[in-house]
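Student: Please take me through a close look at one part of this model, and then follow the thread outward from there.

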Amino acid sequence: MADDILHNWEKKAAEHQKEYGRFLKRADKNKVLKQLPDLHEEAFEKVDCLQCANCCKNYSPRFKTPDIKRISKHLRMKESAFIDAYLRLDEEGDYVVNTKPCPFLGADNYCSIYEERPSDCERFPYTDEDVILKRPHLTLKNSTFCPATYYVLEKLLAVK
């Protein structure tokens, strides 16, 4: 276990924030983007989201108009009723869930609307796309609660 990269990852992620920030600022975009698909896959071979669900327990995705339309239809609710029941506007004017954990997260960490989930949830933690470099503040935040993001950053740092 001592050589397991994910051992004690929360503490290490907190300690490495400055290093991650410097790396994300200076990274060779093309070199990083070439590595991401394999690193993303590797991370999810080691991280079981159903054992974690930190994202669903502590944060909310943005619910964009297509998400709201699709999910409210799936739940057989009017869009306005769905918004009133589950969402609020955040500081940036985006719709987000109005409770923590996410109201669609079950006790078993399964999502009750998984097939219809917001695109932000489907894409999270963005470790296979350029968001990892384009939105460094988001990547840094994600690395503090998502072991897959932490894993990918650690691997990127190791091969610089």
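Student: Where in the chain is the place of Arg26?

Tutor: Happily! This is a predicted model, in which local features need pLDDT of at least 70 and side-chain atom pairs count only at pLDDT 80 or more, while totals for chains, interfaces and linings use all residues. Residues are numbered from 1 along each chain as its sequence is written, and side-chain values use heavy atoms, leaving out hydrogens and water.

Arg26 sits in helix 2, which spans residues 17–26 (helices are DSSP runs of H or I with at least four residues, strands are E runs of at least two, both numbered from the N terminus). Its relative accessible area is 66%, so Arg26 counts as exposed (exposed is over 50%, buried under 20%, partly exposed in between, with a 1.4 Å probe and protein chains only). Together with Lys18, Arg22 and Lys25, Arg26 makes a positive surface patch. Such a patch takes residues with over 30% relative accessible area and no salt bridge, joining like charges within 9 Å and nonpolar side chains (Val, Leu, Ile, Met, Phe, Trp, Tyr) within 5 Å. Lys and Arg are the positive residues here, Asp and Glu the negative ones, and His and the chain ends are not counted; a charge is placed at NZ of Lys, CZ of Arg, CG of Asp or CD of Glu. The areas come from the Shrake-Rupley method with a 1.4 Å probe.

Helix 2 also faces inward business: helix 2 is among the elements covering the buried residues of helix 10, as are helix 1 (9–15), helix 9 (131–134) and helix 11 (147–158), where contact means heavy atoms within 4.5 Å. In helix 10 (residues 136–145), the buried residues are Leu138, Thr139, Leu140, Asn142, Ser143 and Phe145.

Helix 11 leads us on to the salt bridges, of which there are 9 (a side-chain nitrogen of Lys or Arg within 4 Å of a carboxyl oxygen of Asp or Glu). One of them pairs Glu42 with Lys155 at 3.6 Å, N to O. Because Glu42 belongs to helix 3 (residues 29–46) and Lys155 to helix 11, this pair ties together parts 113 residues apart in sequence. Both partners are partly exposed, Glu42 at 26% and Lys155 at 29%.

Another bridge joins Arg62 to Asp120 at 2.9 Å, N to O. Arg62 is in the loop between helix 5 and helix 6, and Asp120 in helix 8, so parts 58 residues apart in sequence are tied together. Here Arg62 is partly exposed at 25%, whereas Asp120 is buried at 6%. Asp130 and Lys134 form a bridge as well, with their closest N and O atoms 3.0 Å apart; shared partners, meanwhile, link Arg62, Lys64 and Asp120 into one salt-bridge network.

Just past helix 8 (119–123), the backbone deserves a look. Phe124 and Pro125 are joined by a cis peptide bond with omega about 5°, and Pro125 lies in the loop between helix 8 and helix 9. Tyr126 is in that loop too, and its phi is near 65°, a positive value in a residue other than glycine. With 7% relative accessibility, Tyr126 is buried. Arg76, also with a positive phi, of about 55°, is instead exposed at 78%, in the loop between helix 6 (65–74) and helix 7 (79–86).
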